[in-house]
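Q: I should like to learn how a structure of this kind is read, one feature at a time. May we begin with strand pairing?

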Amino acid sequence: MVSTQEVLEMASRGLDRSDALYLMREADIFTLAHAAEVLTRKFFGDVVTFVNNVVVNYTNICVARCPICAFSRPPGHREGYVKRPEVVAAAAERLARELGATELHLNGGLNPELAPEYFDELFRSVKTRAPRVAIKGPTLAEAVFYAKAWRVSVREVLSRWRDAGLDAISGGGAEIFAPEVRKVIAPGKATGEEWLDAARAAHELGIPTNATMLYGHVERGEHVVDHLFHIKELQERTGGFLLFIPVKFNPGNTELYARGLVKSPAPATYDVRVTAIARLILLGGLKVGAYWLSVGKRLASTLLLAGANDLVGTMYNEAVLASAGARHGATPEELAAIAREAGKLPALRDTFHRVIAVL
Ligand code: SF4
């Protein structure tokens, strides 16, 4: 069995794909986690960051019908909605004032009813009502979709969004790049190649982005490794990624579950394995997120000892406005507690990963 020291020596020489796949499949999780933690401390120290942000779903109408999705509704569905820009802007303004949020995370679907002017107004309204709030989103998969729908280039979509006030792009839509997996989990959205091209275009336009990877469905180790190498290689070229976020698939209410392709969430040992291998491949090139919303708060703390060094965000949901007393998201104090539980030093950051306060 490979030792921590051997893993560290392999990582310091730079893993190639076959090394990474060997470790992903064969190394025990304690060895992987320990090596990943040593590297994380070497490159980033003990600080664990997160942003105070709010999530607003501006539309749930989507034509992609991904079998992994429990959120979207097809056009014409009675539960479909599009929020007016002034409603989104008012929510951003109020949540920034009441909860101290510094980032608006916009989430939506691939909605053919939305014209370029909708997004212009959306971003401008937010910037008018909440000028100190950074706008993050929509995803690169949305940029690819709207470029096709509006018959313009992805670069034109992104530069128009940037000029209207978009500050950064969330990492969603990356899923798993490998075509044989993508055709099962997300056949109706941007291909892996299109997503990566769009990320490159965003970075060249000065728009930083996150990158995600959805795992725990039908992928195998080689698909995880391939995905990570694509992220690493693009980061080495552009430096435009802010954060890599492994996102655990939750099969509830999805077509993948209904078809019997995924019966339950992946075990926690796999979460540790994926996080650790991400650190071993990315090394000091990129922060790795412990996405507490997908793995739960307790496991997020464990992942901070296995290569992760960012808790993504408080992720307040706008529903907080409609349900007095009900809590959606986590407070900065709760996230700080998760970091401390792992023996780390929590720090509040902004969208661009500048530390605002050490907690
Ligand atoms: S593109 Fe996004 S919103 Fe649309 S079905 Fe797929 S995962 Fe859901």
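Q: Which residue stands opposite Asn53 in strand 3?
A: The model is a predicted one. Strand pairing is read from bridges, residue against residue. Here Asn53 stands opposite Glu103. That pair belongs to a larger pattern: strand 2 (residues 53-57) and strand 3 run parallel and are joined by five bridges.

Q: Which strand holds the bridge partner of Leu104?
A: The partner of Leu104 is Ile135, in strand 4. Strand 3 and strand 4 (residues 134-136) pair in the parallel sense, over three bridges.

Q: What do strand 2, helix 4 and strand 3 make?
A: One follows the path from strand to helix to strand and reads its hand. Strand 2, helix 4 (residues 85-99) and strand 3 make a right-handed β-α-β unit. Strand 3, helix 5 (residues 116-129) and strand 4 also make a right-handed β-α-β unit.

Q: Why is strand 3 described as largely enclosed by the rest of the structure?
A: Burial is judged by counting neighbours, and a residue is buried if 20 or more other C-beta atoms lie within 10 Å of its own. Four of the five residues of strand 3 (residues 103-107) are buried, so the strand is largely enclosed.

Q: Which residues of helix 15 are buried?
A: In helix 15 (residues 332-341), these are Leu335, Ala336, Ile338 and Ala339. They cover an arc of only 155° around the axis, which puts them on the same side of the helix. The buried residues pack against strand 1 (47-51), helix 13 (292-295), helix 14 (297-303), strand 8 (310-313) and strand 10 (345-349).

Note on methods:
Residues numbered from 1 in each chain as written. Predicted model: local features only at pLDDT ≥ 70, side-chain atom pairs only at ≥ 80, totals over all residues. Buried ≥ 20, exposed ≤ 12 C-beta atoms within 10 Å, placed from the backbone. Helix = DSSP H or I, 4+ residues; strand = E, 2+ residues; numbered from the N terminus. Arc of directions from axis to C-beta. Contact = placed C-beta atoms within 7 Å. Pairing = 2+ DSSP bridges. Right-handed = clockwise from strand over helix to strand, strands pointing away.
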